[in-house]
Amino acid sequence: MKYSVEGAPFPAAICELEAGESLLCEGGAMSWMSSNMSMETISNGKTGKVMGRALAGEKLFLNRYTAENEKGTIAFASSFPGSIRVFEITAGKELIAQKSSFLASTPDVEVSVFLQKRLGTGLFGGEGFVMQRISGTGTVFLEFDGSIMEYDLAPGEKMVIGTGHLAAMSARCGIEVEAVKGMKNKLLGGEGLFNTVISGPGHIWLQTMPIARTARTISRYLPTQSD
């Protein structure tokens with residue numbers, strides 16, 4: 001498979017498949033394709049695995065697109081101004097990503113639920129109690145919000161991250177929750193009550209435009225029923 005990510009701020013992943021090659025995506029993710037691409041809807045796993053996908057923010061079923069007889073082209077466009085990143089997943093190189101970031105992958109990549117170990121982290125850390133674990137072997141396309149900033153964290157090094165800005169991290173990173181210090185800061189600082197703290201070693205991807213925060217900002221300017 002050959003691929004390229006083109007366009008900004010609404011990028012698309014454009015993939016060229018050899019005859020017989022396949023890609024998996026969620027329903028509605030395909031944007032355009034050549035006429036020799038066939039589609040099959042599959043559950044992609046046993047009941048437990050399928051329900052894990054649902055908890056991780058993904059749909060219960062996937063569509064498998066296969067190039068028939070000759071090379072085929074298929075594209076997956078972003079649904080929000082942001083970035084599409086491509087990752088090669090192998091044993092020992094698993095990722096933890098935000099919910100609903102999965103766009104498409106080769107068949108041997110697995111998307112499952114990642115339950116944060118401490119309940120407080122999930123309830124108050126801002127990234128949600130449930131995230132996605134990307135494992136298996138192959139290529140995966142993930143969709144993030146806004147631009148992406150990357151950092152390598154050394155063993156024991158920590159990064160404090162505001163609500164919604166964590167896009168993905170190496171599976172070996174640690175994740176905790178930290179309360180904002182000082183009652184005045186909590187009540188008047190406007191940054192919320194908690195931050196997410198990621199510790200190394202590992203790599204992190206941070207997004208500049210979390211969709212939830214953007215939606216809240218836009219909602220302030222929308223007319224109300226009384227207007």
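Visitor: How many aromatic pairs does the structure hold?
Guide: This is a predicted model. Rings count as a pair if their centres lie within 6.5 Å. By that rule, the number of aromatic pairs in the structure is 3.

Visitor: Is the pair of Tyr3 and Phe141 stacked or edge-to-face?
Guide: The two ring centres are 5.4 Å apart. The angle between the planes is 85 degrees. Planes over 60 degrees apart count as edge-to-face. So the pair of Tyr3 and Phe141 is edge-to-face.

Visitor: How many residues apart in sequence are the parts that this pair ties together?
Guide: Tyr3 sits in strand S1, residues 2-6. Phe141 sits in strand S13, residues 138-145. The pair therefore ties together parts whose separation in sequence is 138 residues.

Visitor: Is Phe141 buried or exposed?
Guide: Its partner Tyr3 is partly exposed, at 36% relative accessible area. Phe141 has a relative accessible area of 0%. Buried means under 20%. Phe141 is therefore buried.

Visitor: What kind of pair do the rings of Phe87 and Phe144 form?
Guide: Their centres are 6.4 Å apart. Their planes stand at 65 degrees, and over 60 counts as edge-to-face. Both residues are buried. The pair is therefore edge-to-face.

Visitor: Which strands hold Phe87 and Phe144?
Guide: The pair ties together parts that are 57 residues apart in sequence. Phe87 is in residues 82-89, which form strand S8. Phe144 is in strand S13. The strands are S8 and S13.

Visitor: Which residue do ring pairs link with Phe87 and Phe144 into a cluster?
Guide: The largest nonpolar core has 18 residues. Phe87, Phe144 and Trp205 are among those with the most contacts inside it. Ring pairs link Phe87 and Phe144 into a cluster with Trp205.

Visitor: Which strand gives the most to this core?
Guide: S8, S9, S11, S13 and S16 each supply at least two residues. One of them gives 3 residues, the most. That strand is S13.

Visitor: Where does the largest share of the lining of the second largest pocket come from?
Guide: This pocket holds about 220 Å³ of space. Its lining includes Phe87, Glu88, Ile89 and Trp205. By class, the lining has 5 nonpolar, 2 polar and 4 charged residues. The largest share, 3 residues, comes from S8.

Visitor: How many disulfides does the structure hold?
Guide: A disulfide needs two cysteine sulfurs within 2.5 Å. For Cys15, the nearest cysteine sulfur is that of Cys25, 10.0 Å away. Cys15 is in no disulfide. The number of disulfides in the structure is 0.

Visitor: Which residue does a cis peptide bond join to Ala8?
Guide: Most peptide bonds are trans. The bond after Ala8 is cis, with omega about 5 degrees. The partner lies in the loop between S1 and strand S2. It is Pro9.

Visitor: What is omega near for the peptide bond from Gly200 to Pro201?
Guide: Pro201 is in the loop between strand S18 and strand S19. The bond from Gly200 to Pro201 is cis. Its omega is near 15 degrees.

Visitor: Is Asn69 buried or exposed?
Guide: Asn69 lies in the loop between strand S6 and strand S7. Its phi is positive, about 75 degrees, although it is not a glycine. Its relative accessibility is 80%, and exposed means over 50%. Asn69 therefore counts as exposed.

Note on methods. Residues are numbered from 1 along each chain as its sequence is written. This is a predicted model: local features need pLDDT of at least 70, side-chain atom pairs count only at pLDDT 80 or more; totals for chains, interfaces and linings use all residues. Side-chain values use heavy atoms; hydrogens and water are left out. Rings of Phe, Tyr and Trp (its six-membered ring) pair if their centres lie within 6.5 Å; planes under 30 degrees apart count as stacked, over 60 as edge-to-face and the rest as tilted. Helices (H or I, at least four residues) and strands (E, at least two) are DSSP runs, numbered from the N terminus. Buried means under 20% relative accessible area, exposed over 50%, partly exposed in between (1.4 Å probe, protein chains only). On a 1 Å grid over the protein atoms alone, a cavity is a set of points where a 1.4 Å probe fits but cannot get out, and a pocket is an open set with protein on both sides within 12 Å along at least five of seven lines; lining residues have an atom within 4 Å of a point. Grid points are joined across faces, edges and corners, and a volume is the space filled by probe spheres set on the points. Ala, Val, Leu, Ile, Met, Phe, Trp, Tyr, Cys and Pro count as nonpolar, Asp, Glu, Lys and Arg as charged, and the others, Gly among them, as polar. A nonpolar core is a set of buried Ala, Val, Leu, Ile, Met, Phe, Trp, Tyr and Cys residues joined through side-chain atoms within 4.5 Å.
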